[in-house]
Amino acid sequence: MEFGQYVLKVTRELLGGQVKSLSEMERRIREALVRLGQFVLGAWVMLQEGPYPPQRIACPCGGEAEYLGKREAVLLTLLGRVTYKRAYYVCAQCHQGVCPLDERLGLRPGELSAELESLLGMTGALMTFAKGSELFEQLTLTRVSPQSMDKATQALGAEMVQVEREWLQAGEDGLALEAQERAPKDGRRLYGALDATKVHTHAHQEAEDEGWRDLKVGAWFETHAPPPEAPQADWDIQAEKVTYFCDFAEAKQFGKLLWATGFQRRALQASELIFLGDAAEWIWNLVQEHFPHAVQIVDWFHAAEHLTGVAKAAFQDPTAQQAWLEHSRSLLWEGQVEQVIQACQEVMAGPRGQEEARQAATYFANNASRMDYATYRRKGYQIGSGTIESACKQLGVQRMKVPGATWNLEGARLTAKARAALLSNQWEMLTARREYLPRVA
Ligand SMILES: [Zn+2]
């Protein structure tokens, strides 16, 4: 049927049907649009190849491929399944079959189209595959299984792994490094933040993969918001240009990713580099190793939380508890870590909470150099890593902690990476790379 006739037929059907409500009409029009789209898409693909394909074409191997006729294939697209035919060749030398049209348009017969994959992956990065596939069908009228959404999300995550591999290489390029180091400082105050969160994975083959695994999470960001004026003040640090990265890797391996992503953010060129994190040893070891000149700050909330623990253990009377907490917290706020330790030591000498106080005193002593909060605030530095805390929540907790579900480790890894890319505004870059995939041999 000719296109114009087809449109006319569809329109007549819509206008002549017995439709009772606006909602029903909207639904019907949407269904018609999908059918129409399928029709146009199929026609367009066929039009891209002339009716008389050449008998022989050059093969990448250097040999010649011979025309064997038109072959049918199916595309899984945003508009549903589209069947099409294209010229098929086989090379006499390497015996590879090839469809030039597929290569030219980046078609993947039998597989998800790049557009469908992108939208499925985006949904899968945001919510569980089961809920996501339901929502997807509601929105697009295209039915996809949770498994397809899982596959698409992982494909995007795997693409992100490839991007990171390229970043790792770029970060090891001596000349590029030197150039970034030598370039004049650009006036930026760049923040880095590191943290970790637990994700439940099940044993796939190796028993050591079982159980709760640490998903290490990092973020780079800038902010122009002044630091809060009081512990009780508004802590919205208004992070800008946030990019996240994550992996289940050991600290050393994760350090490479920290370095590579830092290189992408031109960390060496930043006028000021500031790291925020809790007191975990691996965090500060990595910062010291890769960015020794950076300012190291223990996140205010983590530090203050230790005082809360001591106050609760030491005082039964709420007034005394509150008084001790406020006193020690204001000392910490002013960066008087020695006096904070002293306050803990006084509790150690008392009847209750000695153990909590002893642990807190050790904690403050070990991290004193990273708790000079008065100085940081005077310099205008943020002292609370709200961004990375929420990054952990956004990456690890909201998506990866599915009640009653356990992940296979690689699935979790790739989904988390896809999600990190999405939250970092890297989705477009990622999906553009999926449009023309190299032919698999
Ligand atoms: Zn060949």
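This report describes the overall build, the salt bridges and some individual residues of a predicted protein model.

## Overall build

The protein contains 17 helices and ten strands. Its radius of gyration is 29 Å, well over the 22 Å that the globule rule gives for 441 residues, so the protein is more spread out than a compact globule. Taken along the principal axes, the box filled by the C-alpha atoms is roughly 90 × 65 × 50 Å.

Of the 441 residues, 46% count as buried, and the accessible surface of the protein comes to about 23000 Å². Carbon and sulfur atoms account for 52% of that surface. When contacts with a separation of 6 or more are considered, 66% of them are made by residues that stand 24 or more positions apart in the chain.

## Charges and salt bridges

The protein carries 48 positive and 56 negative charges, and the mean positions of these two sets are 6 Å apart. Across the whole structure, a search finds 28 salt bridges. The pairs described below include buried partners as well as partly exposed ones.

One of the salt bridges joins D102 to R86, with 2.8 Å between the closest N and O atoms. This pair links distant parts of the chain, since D102 belongs to helix α3 (residues 100–105) while R86 belongs to strand β3 (residues 80–91), 16 residues away. Both ends of the bridge are covered: D102 has a relative accessible area of 9%, and because this is under 20% the residue counts as buried. R86, with a relative accessible area of 7%, is buried too.

A further salt bridge is formed by the side chains of E222 and R265, at 3.9 Å from N to O. Here again distant parts of the chain are linked, with E222 in strand β6 (residues 211–222) and R265 in the loop between α8 (251–264) and β8 (272–277), 43 residues apart. Both E222 and R265 are buried.

## A pair within one helix, and a network

E355 and R358 form a salt bridge whose closest N and O atoms are 2.7 Å apart. The two residues both lie in helix α13 (residues 354–367), where their spacing of three residues amounts to about one turn of the helix. E355 has a relative accessibility of 40% and therefore counts as partly exposed, being between the cut-offs of 20% and 50%. R358, at 38%, is likewise partly exposed. Elsewhere, salt bridges that share partners connect R108, E117, E159, E166, R433 and R434 in one network.

## Individual exposed residues

Two residues that are not glycines have a positive phi: H95, at about 60 degrees, and K241, at about 50 degrees. H95 is placed in the loop between β3 and β4 (97–98), whereas K241 is found in strand β7. Both are exposed, with a relative accessible area of 61% for H95 and a relative accessibility of 57% for K241.

E229 lies in the loop between β6 and β7 (240–247). With a relative accessible area of 75%, E229 is exposed, because the value is over 50%. Although E229 and W333 are 104 residues apart along the chain, their C-alpha atoms are separated by 10.0 Å.

Definitions and conventions. Residues are numbered from 1 along each chain as its sequence is written. This is a predicted model: local features need pLDDT of at least 70, side-chain atom pairs count only at pLDDT 80 or more; totals for chains, interfaces and linings use all residues. Side-chain values use heavy atoms; hydrogens and water are left out. Helices (H or I, at least four residues) and strands (E, at least two) are DSSP runs, numbered from the N terminus. The radius of gyration is taken over C-alpha atoms; the globule rule is 2.2 Å times the number of residues to the power 0.38. Buried means under 20% relative accessible area, exposed over 50%, partly exposed in between (1.4 Å probe, protein chains only). Contact means heavy atoms within 4.5 Å. Accessible areas come from the Shrake-Rupley method with a 1.4 Å probe; for residues, only the protein chains shown count as cover. Lys and Arg count as positive and Asp and Glu as negative; His and the chain ends are not counted. The place of a charge is taken as NZ of Lys, CZ of Arg, CG of Asp or CD of Glu. A salt bridge is a side-chain nitrogen of Lys or Arg within 4 Å of a carboxyl oxygen of Asp or Glu.
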